[in-house]
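Here is a short tour of one protein model for a newcomer. Please keep the sequence and the 3D view open while reading.

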Amino acid sequence: MHDQVTATSARGMRPAALFLAALACASPAGSPAPAPATRNIRLAAAESTYAAARDLRDRIDVALAGGRHEIADGTPIAALLPRYDSLRGRLESRLSAVDSSALGPDDVRALDIMRRTLSRDLGPLVFPGAPAAASTSGPAPVPEPRPECGYDPDSIARATHGLDSLRARIYACYGWAQSHVAAGDDTLDRLTILGALGHTDDAPHRRQLFLRLEPVWRSVNGGGGSASPYRRLLALEVETLGSGAPPTATQARASGVPPDSLEPWLLRILETWRDATPDSLVEPWDWYYLVGRTSRALSPRIPRERLAGLNAAVWRALGADVGTLRVHYDLDPRDGKDPVAFTTFGGRTPVEPWVFATYRVGGLDNLNELLHETGHAVHLAAIRTRPAFRDWPDSDPFTEAVADVVALDVYEPAWQQRWLGDSVPLAAGLQSRYGGIVLDVAWAMFELRMLHEPDADPNLVWAGLTRDYLHIRPHPELSWWAMRGQLVDAPGYMVNYAAGAILIAAIRARIQAAHGPFIEGDTSWYAWMAPRLYRFGLERPTREVLEAFLGGPVSPSALLADMRRMRGAERPGTSR
Ligand SMILES: [Zn+2]
């Protein structure tokens, strides 16, 4: 879901749908669950069947995702299907036998979650023999037909369901264009091109690579005129929204970010970056190179063979032994494997986290991703709550932030020295840590501005924002803002990345203050974190968990303070 070029690229966690759906059932109070003995007996019976059904389904799902025909204990999946079906059937009848009027608020919530999960995640499994056919994880490897992109946005916009149809068409064309970028005899995807910019030493070559993305920009903003697909879409969105709140408000609230603070906070982040970085202008293609400096310098120290061992050692130094915690890894390339890294439950009684990723090479970006996925895994392993609540928390920005608390250490010189035996200057590390984030913040701000002023030329708005705050040379002739699918398909989603960065910095600062520094290791760290931040699942709303942890409401001050460390440090130049 995250979508950046640096180490945060291509991280899967959960679809946004879960986050939105979970919000609907978050209760404001987190009263402790009654003792099992006093709990409604029918509910207790349903919940124990629920635990068994989910656990079995998890085991089957990770076997399928791993391309295996049997679960970890060697039982063939085909032999488990009758058991799964009978658990589903029993769960359905037990859930419908519960009288919710006799339940307390926590039990009502547990019942709602179990009913929703049954209909959405515990559907029937068909298993004709080939794992891929029954797989529910990840996109099917069927090639998409090329969409028809020579359309007239205006006529689609004027038809019935114009907004949805236009959104779907732009997104389909964007999806095609971004995965079919012509590069010589090769076809590359957008993230590969942007990643290559960070490792291309020759500036004219970087410019050339960057301009290859032009068809991607065109798929969203056409020729750039007022009748462009995106501008037409935006006009329709503004019409439909009327005076209603943009969808952003709901997303941010679950993580404790007050909706009216969002815009001022985004602005403060951008201003802080502006003031902490050199004011000479850089070209957009050189921006990606500057942000890539840490990875360029340190990646040669991380060969593929060291990747998993280094990841485990870093977590062990924090008191989280991935073996003891039953974390499983599937990291080797395989035909038909989901290309996106993700972590999931591979069993829930007890929790057995599984990390899926594909690494052909080592490098800092891959290590960062693996530390992040393991961050999800140790979080899952620490969940201690009743079966109905044994799930991801109700806020994606929070879940992603929690996973990044340790992964972000790779940008600290002290961490680099301890684990890699070399380091880059602090300012360069911070530029790599925050380069992707501030670009996301600029995109979030861009969307807000466009919603306020739908007649504005998006190229000018973007050129102005990136010049004023990121010191990027304006190129109003290029629609280079038009390469984030979320702008089309999930309006308002970009603010989640900003909210996530605010949360990570706040959590990191709180750990430092309340427990102590952990950059160079601290074996008491995990035991301290688990009961305070990790254990809840869906038991308590994220907002409550976070405010209790932070000792007050979320604020961007830790993020701003961390960014300001760039000011006193050596300024990274454009060389290297
Ligand atoms: Zn993640």
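Is Cys 149 buried, partly exposed or exposed? Cys 149 is partly exposed, because its relative accessible area is 38% and the partly exposed class runs between 20% and 50%. Keep in mind that this is a predicted model.

**The disulfide**

Cys 149 has a partner. Cys 149 and Cys 173 form a disulfide, with their sulfur atoms 2.0 Å apart. The count of disulfides comes to one. The link of Cys 149 and Cys 173 is left-handed, with -105° about the S-S bond. Cys 149 sits in the loop between helix H5 (131-134) and helix H6 (153-158), while Cys 173 belongs to helix H7 (residues 162-179), so the pair ties together parts that are 24 residues apart in sequence. Cys 173 counts as buried, at 2% relative accessibility. A disulfide is a covalent bond between the sulfur atoms of two cysteines.

**The zinc site**

Which residues are the protein donors of the zinc ion? They are His 372 (NE2), His 376 (NE2) and Glu 400 (OE), lying 2.1 to 2.2 Å from the ion. Along the sequence, the donor residues follow the spacing H-x3-H-x23-E. His 372 lies in helix H17 (residues 364-381) and Glu 400 in helix H18 (residues 396-407). This pair links distant parts of the chain, 28 residues apart. His 372 is buried at 0% relative accessibility. Glu 400 is buried as well, with a relative accessible area of 13%.

The accessibility values of several residues named in this report are listed here.

| Residue | Relative accessible area | Class |
|---|---|---|
| Cys 149 | 38% | partly exposed |
| Cys 173 | 2% | buried |
| His 372 | 0% | buried |
| Glu 400 | 13% | buried |
| Arg 59 | 18% | buried |

**Helix H18**

H18 carries the donor Glu 400. Twelve of the twelve residues of H18 are buried, so H18 is mostly covered. Among them are Asp 396, Phe 398, Glu 400 and Asp 404. At 1.5 Å a residue, the twelve residues of H18 should span 16 Å; the end C-alpha atoms are 17 Å apart, which agrees. Ser 395 caps the N-terminal end of H18. A side-chain oxygen of Ser 395 lies 3.2 Å from the backbone nitrogen of Phe 398.

**Strands E5 and E6**

Why is strand E5 (residues 341-348) described as largely enclosed by the rest of the structure? Eight of its eight residues are buried, so the description follows. E5 runs antiparallel to strand E6 (residues 351-356), and five bridges join the two. A hairpin connects E5 to E6 through two residues. Arg 348 stands opposite Val 351 in E6.

**Arg 59**

Arg 59 is found in helix H2 (residues 41-65). Arg 59 is buried, with a relative accessible area of 18%. Its side chain makes a polar contact with the side chain of Asp 55 (2.9 Å). Leaving out residues up to four places away in sequence, Arg 59 touches several others, including Ile 71, Gly 346, Gly 347, Arg 348 and Glu 352.

**Helix H23**

How many residues of helix H23 are buried? The number is 15 of the 20, so H23 is largely enclosed by the rest of the structure. H23 (residues 495-514) should span 28 Å at 1.5 Å a residue, and its end C-alpha atoms are 28 Å apart, which agrees. Just after H23, Gly 516 takes a positive phi of about 130°.

How values were computed: Residues are numbered from 1 along each chain as its sequence is written. This is a predicted model: local features need pLDDT of at least 70, side-chain atom pairs count only at pLDDT 80 or more; totals for chains, interfaces and linings use all residues. Side-chain values use heavy atoms; hydrogens and water are left out. A disulfide is a pair of cysteine sulfur atoms within 2.5 Å. Helices (H or I, at least four residues) and strands (E, at least two) are DSSP runs, numbered from the N terminus. Buried means under 20% relative accessible area, exposed over 50%, partly exposed in between (1.4 Å probe, protein chains only). Donors are N, O and S atoms within 2.8 Å of the metal (3.2 Å for Na, K and Ca); water is not among the atoms, so sites may look incomplete. Two strands pair if DSSP finds at least two bridges between them. The expected span of a helix is 1.5 Å times one less than its number of residues. A polar contact is a pair of N or O atoms within 3.5 Å; within protein, one must be able to donate a hydrogen and the other to accept it, and residues adjacent in sequence count only if both atoms are side-chain atoms. Contact means heavy atoms within 4.5 Å.
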